[in-house]
Amino acid sequence: MKRAPSRGRPSTIVGIILLAVMLFPVYWMVNASLQPAGNTLQGGWFPLHPDFGGYATALRDQGRNLVTSLVVALGSVALSLGLAAPAAYALAHLRARGTTLVLFGVLITQMVPGIVVANALYNAYNDLGLLNSYLGLVLADSTAGVPFAIIILRSFMQAIPREIIEAARVDGAGRLRTFRSVVLPVSVNSLITAALFTFLFTWSDFLFALTLTTTETVRPITLGIYEYIGAHTDQWNAIMATAVLASAPAAVLLVVAQRYVTAGITGDAVK
């Protein structure tokens, strides 16, 4: 008998080609970061003699900005989950009037352009003295993280069998104890998913950083790269090294949390 021709091979080849095209900018960024200082157009296709001087320059000039972004991102994740988790639980399991209206309002907040929020916050921050502060950036970035986390967590918590919650209540646990000891442990995947995307939102934020910071006291890495290009256009290796360092935390988190994100989105963790 003749074997049927393999249909998966052409699609695999096409997939590999598309993947190579999409990853080429990442490869060129890494390649350029390992070239000597100067115009990257003169660099080779492969870093045969890698030069790590760009990374030394990037760490010296942008190290503080990397720490700033990390502090703001972690603070935004903590605040967003701290507000979104109980709100999502209430919207998913507590029978109260206006739940649909509240959820609709949460969805509406996702449609407001960021520049509108940034301009409104600037005037308020100027009066409250929150410009150029870690707290100000954490609160600003949480305006995007909280609604998104509520949507993700509510969808997951709705899949939790009501029998589990009722069993905890029968055993004498109050609403807070049930939420802390029952709901949160089984919602770990969705919590990690919401935390990851909130971290990515905050880490890549440029609009709030540009609008709400006017000095070098508090400057996230996105704004540091933006100003770095204008000041060091002849040191593309340092610019690309900064971009690599700024991309590394997001890439590592995505790889580590991949299986949690998959389970958190599909809701397969709740049996």
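These notebook entries record what I looked up in one protein chain.

**Entry 1: the model and its overall make-up**

I noted at the outset that the model is predicted. I then asked which elements the chain contains, and I found 12 helices and zero strands. Read along the sequence, the pattern is accordingly α-α-α-α-α-α-α-α-α-α-α-α. I looked up burial next: of the 271 residues of the protein chain, 40% count as buried. For the surface, I recorded an exposed area of about 15800 Å², of which carbon and sulfur atoms supply 67%. I also looked up how far apart in sequence the contacting residues lie. Among contacts with a separation of 6 or more, 75% are between residues 24 or more positions apart.

**Entry 2: the nonpolar cores**

I wrote down a general point before turning to the cores. In soluble globular proteins, nonpolar side chains tend to be buried together.

How many residues does the largest nonpolar core have? I found 34, and those with the most contacts inside this core are Leu 153, Met 157, Val 183 and Trp 203. Two or more residues come from each of H2, helix H3 (99-109), helix H5 (134-158), helix H7 (175-186), H8 and helix H11 (236-256). H2 gives the largest share of this core, 10 residues. I noted that another core lies apart from it, with 12 residues, including Tyr 125, Leu 131, Leu 137 and Leu 212.

I then followed Trp 203. Leaving aside neighbours within four places in sequence, Trp 203 is in contact with Leu 66, Ser 69, Leu 70, Ala 73, Ile 221, Thr 222, Ala 246 and Pro 249.

**Entry 3: the cavity**

I searched for cavities of 30 Å³ or more, and the count came to one. The space in the largest cavity is about 30 Å³. Which residues line the largest cavity? I listed Ser 69, Val 72, Asp 141, Thr 202, Trp 203, Asp 205, Ala 209, Pro 220 and Thr 222. Helix H2 (53-93) and helix H8 (188-203) are the elements that give two or more residues to this lining. By class, I recorded four nonpolar, three polar and two charged residues in the lining. Trp 203 thus appears in my notes both in the lining of the cavity and among the residues with the most contacts inside the largest core.

**Entry 4: three residues**

I looked up Ser 76, which has its place in helix H2. Is Ser 76 buried or exposed? I entered Ser 76 as buried, because its relative accessible area is 0%. Not counting residues up to four places away in sequence, Ser 76 touches Val 138, Asp 141, Ser 142, Thr 198 and Thr 202. Two of these, Asp 141 and Thr 202, are also on my list of cavity-lining residues.

Ala 32 belongs to helix H1 (residues 8-33). I entered Ala 32 as buried, because its relative accessible area is 2%. The C-alpha atoms of Ala 32 and Ile 239 are separated by 9.0 Å, while the two residues are 207 residues apart along the chain.

Ala 167 belongs to helix H6 (residues 162-170). I entered Ala 167 as partly exposed, because its relative accessibility is 37% and this class runs between 20% and 50%. Its C-alpha atom is separated by 9.5 Å from that of Thr 178, a residue 11 residues apart from Ala 167 along the chain.

Technical notes:
Residues are numbered from 1 along each chain as its sequence is written. This is a predicted model: local features need pLDDT of at least 70, side-chain atom pairs count only at pLDDT 80 or more; totals for chains, interfaces and linings use all residues. Side-chain values use heavy atoms; hydrogens and water are left out. On a 1 Å grid over the protein atoms alone, a cavity is a set of points where a 1.4 Å probe fits but cannot get out, and a pocket is an open set with protein on both sides within 12 Å along at least five of seven lines; lining residues have an atom within 4 Å of a point. Grid points are joined across faces, edges and corners, and a volume is the space filled by probe spheres set on the points. Helices (H or I, at least four residues) and strands (E, at least two) are DSSP runs, numbered from the N terminus. Ala, Val, Leu, Ile, Met, Phe, Trp, Tyr, Cys and Pro count as nonpolar, Asp, Glu, Lys and Arg as charged, and the others, Gly among them, as polar. A nonpolar core is a set of buried Ala, Val, Leu, Ile, Met, Phe, Trp, Tyr and Cys residues joined through side-chain atoms within 4.5 Å. Buried means under 20% relative accessible area, exposed over 50%, partly exposed in between (1.4 Å probe, protein chains only). Contact means heavy atoms within 4.5 Å. Accessible areas come from the Shrake-Rupley method with a 1.4 Å probe; for residues, only the protein chains shown count as cover.
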